[in-house]
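User: Hi, I have a new structure open and I'm a bit lost. Can we go through it together?
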Amino acid sequence: MPDLFNQSPEMNEYFNKLPKSLQVTILQSGAKINSLADLQAVAKEFTENETSEKG
């Protein structure tokens, strides 16, 4: 599970702005998130996957 609680203020701000369902998905994913760029990439990937599954 990503340790988002010990990350930069920018990462926490970005994470907190995400939809709650996406936050839960990211936390449960076990993704390796070490930077804001990692977090943004993971969020984008899950968002794209969710969109393609609905389409």
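Analyst: Sure. One term before we start: a helix axis here is a line fitted to C-alpha atoms over the stretch in contact, and angles run from 0 to 180 degrees between N-to-C directions. Also, keep in mind that this is a predicted model.

User: Okay, let's use that. At what angle do H1 and H2 pack?

Analyst: The angle between H1 and H2 is about 125°, and their axes are 8 Å apart. Angles of 65 to 115 degrees count as roughly perpendicular and those over 145 as roughly antiparallel. H1 and H2 are therefore oblique to each other.

User: Which residues meet there, between H1 and H2?

Analyst: H1 brings Phe15, Asn16 and Lys17. H2 brings Gln23, Ile26 and Leu27. By type, the contact of H1 with H2 has three nonpolar residues, two polar and one charged.

User: Let me zoom out. How many helices and strands does the chain have?

Analyst: Three helices and zero strands. From the N terminus, the order is α-α-α. The chain has 55 residues, and 24% of them are buried.

User: What is in the largest nonpolar core?

Analyst: Ten residues. They are Met11, Phe15, Leu18, Leu22, Ile26, Ala31, Ile33, Leu39, Val42 and Ala43. H1 (9–17), H2 (20–29) and H3 (36–54) each give two or more residues to this core. H3 gives the most, with three.

User: Why would nonpolar residues gather like that?

Analyst: In soluble globular proteins, nonpolar side chains tend to be buried together.

User: Pick one core residue for me. Is leucine 39 buried or exposed?

Analyst: Buried: its relative accessible area is 0%, and the cut-off for buried is under 20%. Leucine 39 is found in helix H3.

User: What does leucine 39 touch, beyond its neighbours within four places in sequence?

Analyst: Met11, Tyr14, Phe15, Ile26 and Ile33. Take Met11 as an example. Leucine 39 and methionine 11 are 28 residues apart along the chain, yet their C-alpha atoms are separated by 7.3 Å.

User: What share of contacts join residues at least 24 apart?

Analyst: 45%, among contacts between residues at least 6 apart in sequence.

User: Back to H2. Which of its residues are buried?

Analyst: Leu22, Gln23 and Ile26. They sit on the same side of H2, because they cover an arc of only 105° around the axis. On the other side, Lys20 and Gln28 are exposed.

User: Why can residues at separate places in a helix point the same way?

Analyst: An α-helix has 3.6 residues a turn, so residues three or four places apart point the same way.

User: Glutamine 23 is on that buried list. What is its relative accessibility?

Analyst: 8%, so glutamine 23 counts as buried. Not counting residues up to four places away in sequence, glutamine 23 touches Phe15, Asn16, Lys17 and Leu18.

User: And what follows H2?

Analyst: Glycine 30. Its phi is positive, near 75°.

User: Last one. Where is glutamine 7?

Analyst: Glutamine 7 lies in the segment before H1. With a relative accessible area of 24%, glutamine 7 is partly exposed. Setting aside neighbours within four places in sequence, glutamine 7 is in contact with Asn12, Ile33 and Asn34.

User: How far is the C-alpha atom of glutamine 7 from that of leucine 36?

Analyst: They are separated by 8.8 Å. Along the chain, glutamine 7 and leucine 36 are 29 residues apart.

Key: Residues are numbered from 1 along each chain as its sequence is written. This is a predicted model: local features need pLDDT of at least 70, side-chain atom pairs count only at pLDDT 80 or more; totals for chains, interfaces and linings use all residues. Side-chain values use heavy atoms; hydrogens and water are left out. A nonpolar core is a set of buried Ala, Val, Leu, Ile, Met, Phe, Trp, Tyr and Cys residues joined through side-chain atoms within 4.5 Å. Buried means under 20% relative accessible area, exposed over 50%, partly exposed in between (1.4 Å probe, protein chains only). Helices (H or I, at least four residues) and strands (E, at least two) are DSSP runs, numbered from the N terminus. Contact means heavy atoms within 4.5 Å. Angles under 35 degrees count as roughly parallel, over 145 as roughly antiparallel, 65 to 115 as roughly perpendicular and the rest as oblique. Ala, Val, Leu, Ile, Met, Phe, Trp, Tyr, Cys and Pro count as nonpolar, Asp, Glu, Lys and Arg as charged, and the others, Gly among them, as polar. The arc is that of the directions from the helix axis to the C-beta atoms.
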